[in-house]
Structures are given as C-alpha cells and as structure tokens.
Amino acid sequence: MKAQRSIFTVFVLLALVLAACTTAPAPTTSVPVAAQPTAATTEVATAAQPAAGGAAVSVTIQNYAFDPGNLTVKTGTTVTWTNMDSVNHTVTSDTGLFDSGELGKGGTFSYTFDKAGVYTYYCIPHHARMQGTVTVTD
Ligand SMILES: [Cu+2]
C-alpha cells in the first residue's frame, strides 16, 4: 500500500512536470509572434529607403524667416514649407518657377526639385528680409 501510494505520488509529480513541460511550448509559440515585429521592423527600414531616394525636407516659416534659410537637397526632393506665423507669407521663386500664394498660419506649400541648380525664393510681402535658397545637387 505504501509503495503504491508513493508510485502514485511519483505519477502525480510526473504529471505535474509534464504539465509544466506542456505549458513551456506555449511561450515557444509566442516566439513566431515575436518574430513578426522583426518583420515589421524590416518593413520600416524598407520604407525608410524610398524616403532617402525621393526625400522630403521641411522648412519652417517663423518670425519672418525661412528656417533653414539655406538648404541643400538631392534632386527629386520635395521641400515643404509650413507657416507658423500668424502673419501671411508666401514662398515665391525669384524666377517664377513656383509661388505658394498667401499662406496663412499653419498653411503649407510643397515643391519637388527635379533639376540640379540653385533656387532662390522670397516672401512677397516681406521681400527685403525674407529670402531663402534651395541648392539642388545630383
Ligand atoms: Cu512673409
């Protein structure tokens, strides 16, 4: 009887150990799930690559100034200006290549520079003190 009982105890212990082992594969199942974020991270890295090719650059218009006022970008880059002032401003090419028209507060204007060159621009209402340059290189 005593021996039987201890065998039973061993059996119960074995069952518990097995149960513990059975729960162990559960975290193993979560490993492929954990592998998914890795795939997502790879996607993000892949998404960052096209951004480098057809890059996007921001210029802030604030306190009656373009910031940065002088910018150098690669061909194909889209520059977006955002007016942070309460006063209206414009982003106007010296050669008439582009003109944002009046931008109110929060207003944005984008232009894609496809050709290498030096592009100077200004703000129509504040021409004397608001000028900027975008230098585009291949
Ligand atoms: Cu202005």
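Visitor: Let's start with Ile61: which strand does Ile61 lie in?
Guide: Bear in mind that this is a predicted model. Ile61 doesn't sit in a loop here; its place is in strand β1.

Visitor: Is Ile61 buried or exposed?
Guide: Buried means a relative accessible area under 20%. Ile61 comes out at 0%, so Ile61 is buried.

Visitor: Not counting residues up to four places away in sequence, what does Ile61 touch?
Guide: Quite a list, and it includes Trp81, Thr82, Asn83, Met84 and Asp85. Val91 and Leu103 are on the list as well. Also among them are Phe66, His89 and Met130.

Visitor: How many Å apart in space are Ile61 and Lys105, C-alpha to C-alpha?
Guide: Along the sequence, Ile61 and Lys105 are 44 residues apart. In space, their C-alpha atoms are separated by 9.5 Å.

Visitor: Now the metal. Which residues coordinate the copper ion?
Guide: The distances run from 1.9 to 2.7 Å. Two of the donors are ND1 atoms, one is an SG and one is an SD. They belong to His89, Cys123, His126 and Met130.

Visitor: What arrangement do the four donor atoms around the copper ion make?
Guide: For four donors to count as tetrahedral, all angles have to lie between 85 and 135 degrees. Around this copper ion they go from 89 to 131 degrees, so the arrangement is tetrahedral.

Visitor: What spacing do the donors of the copper ion follow along the chain?
Guide: Reading along the chain, the histidine comes ahead of the cysteine, and another histidine and a methionine follow. Written as a pattern, that is H-x33-C-x2-H-x3-M.

Visitor: How many residues apart in sequence are the parts that His89 and Cys123 tie together?
Guide: His89 is in the loop between β4 (77-83) and β5 (92-93), while Cys123 is in the loop between β7 (117-122) and β8 (131-137). The pair therefore ties together parts whose separation in sequence, in residues, is 34.

Visitor: What is the relative accessible area of Cys123?
Guide: His89 is buried, with a value of 0%. Cys123 is buried too, and its relative accessible area is 0%.

Visitor: On to the rings. How are the rings of Phe98 and Tyr121 paired: stacked, edge-to-face or tilted?
Guide: The structure holds eleven aromatic pairs. In one of them, the ring centres of Phe98 and Tyr121 are 6.4 Å apart. Planes under 30 degrees apart count as stacked and over 60 as edge-to-face. These planes are at 55 degrees, so the pair is tilted.

Visitor: Where is Tyr121 in that pair?
Guide: The pair links distant parts of the chain, 23 residues apart. Both Phe98 and Tyr121 are buried. Phe98 is in the loop between β5 and β6 (108-113), and Tyr121 is in strand β7.

Visitor: Which residues do ring pairs link into a cluster?
Guide: Phe98 and Tyr121 are both members. The cluster also takes in Phe66, Trp81, Phe109, Tyr111, Phe113 and Tyr119.

Visitor: Which residue lies over the face of Tyr64?
Guide: Tyr64 is in the loop between β1 and β2, and with 27% relative accessible area it is partly exposed. At 4.1 Å from its ring centre sits Arg129.

Visitor: What is the phi of Tyr64 near, in degrees?
Guide: Most residues other than glycine have a negative phi. In that same loop, Asn63 has a positive phi of about 50 degrees, and Asn63 is exposed at 63% relative accessible area. Tyr64 is positive as well, with a phi near 60 degrees.

Visitor: Is the peptide bond from Asp67 to Pro68 cis or trans?
Guide: Most peptide bonds are trans. Pro68 is in the loop between β2 (65-67) and β3 (70-74). Omega for the bond from Asp67 to Pro68 is near 0 degrees, and the bond is cis.

Visitor: Leaving aside neighbours within four places in sequence, which residues is Gly132 in contact with?
Guide: Gly132 is in strand β8, and at 6% relative accessibility it is buried. Its C-alpha is 8.5 Å from that of Asp67, although the two are 65 residues apart in sequence. The contacts of Gly132 are Phe66, Gly69, Tyr119, Thr120 and Tyr121.

Visitor: Stepping back, how many helices and strands are in the protein chain?
Guide: From the N terminus, the order is α-α-β-β-β-β-β-β-β-β. That gives two helices and eight strands.

Conventions
Residues numbered from 1 in each chain as written. Predicted model: local features only at pLDDT ≥ 70, side-chain atom pairs only at ≥ 80, totals over all residues. Heavy atoms only, no water. Helix = DSSP H or I, 4+ residues; strand = E, 2+ residues; numbered from the N terminus. Donors = N, O, S within 2.8 Å, 3.2 Å for Na, K, Ca; no water. Tetrahedral: all angles 85-135°; square planar, octahedral: opposite > 155°, others 65-115°. Buried < 20%, exposed > 50% of the residue type's maximum accessible area, 1.4 Å probe, protein only. Phe/Tyr/Trp six-rings, centres within 6.5 Å; stacked < 30°, edge-to-face > 60°. Lys NZ or Arg CZ within 6 Å of the ring centre and 35° of its normal. Contact = heavy atoms within 4.5 Å.
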